[in-house]
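The following exercises concern the secondary structure and packing of a protein model. Please study the sequence and the structure before turning to the solutions.

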Amino acid sequence: MSGAIHLEARGLTTGYMPGAPALSGVDFALGAGRAVAVLGPNGGGKTTLFRALLGELEPMDGSCTVKGGTAYVPQTERARLDFPVSAFDVALMGAYARTPWWRRVAGADRAAAREALARVGLAERTRERFGALSGGQRQRVLIARALVQDAGVLLLDEPFAGVDATSQARILAVLDELRAEGRVLAVSTHDVEQARRWDRVLCLNARQVAFGPPAETLTTEVLQETYGAELVVLDGRARGVAVHHHDHGHHQA
Amino acid sequence: MSSFPPASTPPHQAFEVDGRAWGHESGPGDVAARSPWQLFWRRFRRDRVAVAGLVFIAVVVLAAMLAPLIVQLVGARDPQEQSTEYLDSFGLPVGPGPDNLFGADPLGRDVFSRVLYGAGVSLQVAFLSTGLAALVGVTVGLLAGYHRGWADAVLSRAMDLTLAFPVLLLGIGLGSACSVGAGCAGGLVEPGLPLVVLIIALATWPSFARLVRGQVLSLRETQFVEAARALGASGARIVFREILPNLLGPIMVYATLLVPANILLEAALSFLGVGVQGRPTWGEMIAEATQVFDTAWWFMLFPGLALVLTVLAFNLVGDGLRDALDPRSDR
């Protein structure tokens, strides 16, 4: 993985209906090996930003540039658990982009899928049904799928939501490895402490509130602006805990 | 955003991942695995009428393929053999008897072997024209539905234009224009069977295209397509591996219902004299029979019966297929 990897948004404004942007003024750039936490309340525009970076949403204003290919890791709560595929099948989907439609996935890609599952600690569970795995294990399978995609830029949508401690540790270790390989990571989260772990933090609340290194950026003012009334300040310093009423049963249509 | 597995699972997607039946790769704790074909067959089998239709079609197909053998076995004459032996003193054909099971025609030919050989022509024309129409229609429908925009506008107008043509007039026109010499388009379309197949396919592809286009328009917005796109799947992969397999059911049903319509169209073209020449066909026999109907009823009855029963069998099978493939029917 080399310096060709790059993730950048310049004055990006985007949304779902013309004239009603869901997210505006997003302006940041990340070079190879950088990881950004995308912090914000539900409906703050985290997923909207990812959609724009994936090219699913057109910019209404400004632009975004992704170099090195993107892999998207969705939230596992959105997955249908009665869907009869194995962990291996899901990881193998990462090879779809480079498999011509008339061919089956190549043997090398099958090996890559097995290797990716081993890397997230699921070597023994490749044949297990995806829906029968725990939330954390499913999240790891989805990360394995992104590994198979071998993209320069990884967009992870709330990868630690509803994930057990073992899985979280494993995922963090893999993400650190990926960063060391020079890949760019964007990790959306609503957990301020989690956000401190990464190189940069991007605070969103329908617009870009702040962008920078966590130590400088995560001030009480910025957090209050990001979370509004939902924020509870614990000890007067720039340590905050975002209080959420997020409902995992809620699915967008 | 795109999620996997999708929130709405179309029937095909539930059973196959990258061309493999999922049951083989899945681990323990799964519910009993049945492939979509097994499920379909279980439902179809319960429909006695459709199964009877299928059996009848199988008999007709076998009879058409083995026509020379059957004719030899029952000791019937060659379908082209004319003989005054089977015309009475007024020149009228003789009725059904041991020599001519279905009677003779005004040229003294054996109606039984002609009906038997005619099945081959009818089925060949119907299957080939339906296949060609399906190939063109499905391709055009996929293109128009998936790309939308100007491609859709151009292709949809082409469908409208083709549907606006009076089929029989077009057939008569093309039939007479192409049946002289080496055929049309520099010998590409030879007179005879290829020409009839082309005329019928030309008249019927737009309905296939419309069916497919409408389905593609809705399928391309589903979550499983969105998920494939987010994984970086190419347009061709999305169209052929995600969308097309979900359309096989409706395409199969429509093709099965189009076969009998095309058998009738072939008969109509033969009746009008622009069908397959030089081989016995049901339509041509019925046309000739109209002139001697009051004396030689058998000449119209047997090819007519063969036509009606074959068309009926295909329609019954088509209805059965539709019921068996429709998840909403409670059969």
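Three exercises with worked solutions follow.

This is a predicted model, in which local features need pLDDT of at least 70 and side-chain atom pairs count only at pLDDT 80 or more, while totals for chains, interfaces and linings use all residues. Residues are numbered from 1 along each chain as its sequence is written, chains are lettered from A and ligands numbered from 1 in the order in which they are written, and side-chain values use heavy atoms, with hydrogens and water left out.

**Exercise 1.** Describe the make-up of chain B.

Step 1. Chain B has eleven helices and two strands; helices (H or I, at least four residues) and strands (E, at least two) are DSSP runs, numbered from the N terminus.

Step 2. Read from the N terminus, the order of elements in chain B is β-β-α-α-α-α-α-α-α-α-α-α-α.

Step 3. Chain B has 331 residues, of which 49% count as buried, that is, under 20% relative accessible area with a 1.4 Å probe, protein chains only.

**Exercise 2.** Determine how α2 and α11 of chain B cross.

Step 1. The axes of α2(B) (residues 48-65) and α11(B) (residues 297-325) come within 8 Å and cross at roughly 135°. Axes are lines fitted to C-alpha atoms, for helices over the stretch in contact, and angles run from 0 to 180 degrees between N-to-C directions.

Step 2. This angle makes α2(B) oblique to α11(B); angles under 35 degrees count as roughly parallel, over 145 as roughly antiparallel, 65 to 115 as roughly perpendicular and the rest as oblique.

Step 3. Residues of α2(B), including V49(B), F56(B) and V60(B), meet residues of α11(B), among them L309(B), F314(B) and G320(B). Contact means heavy atoms within 4.5 Å.

**Exercise 3.** Analyse the six-stranded sheet of chain A.

Step 1. The sheet is open, with mixed pairing and the order β5-β6-β7-β3-β8-β9. Two strands pair if DSSP finds at least two bridges between them.

Step 2. Which strands stand at the edges? They are β5 (70-73) and β9 (208-212) of chain A; each has a single partner strand, so one side of each lacks a neighbour in the sheet.

Step 3. Within the sheet, β6(A) (residues 153-157) and β7(A) (residues 184-189) pair in the parallel sense over five bridges, and L154(A) stands opposite L185(A) in β7(A).

Step 4. Helix α5(A) (residues 165-180) lies across β3, β6 and β7 of chain A, at about 145° to β7(A).

Notes:
Buried means under 20% relative accessible area, exposed over 50%, partly exposed in between (1.4 Å probe, protein chains only).
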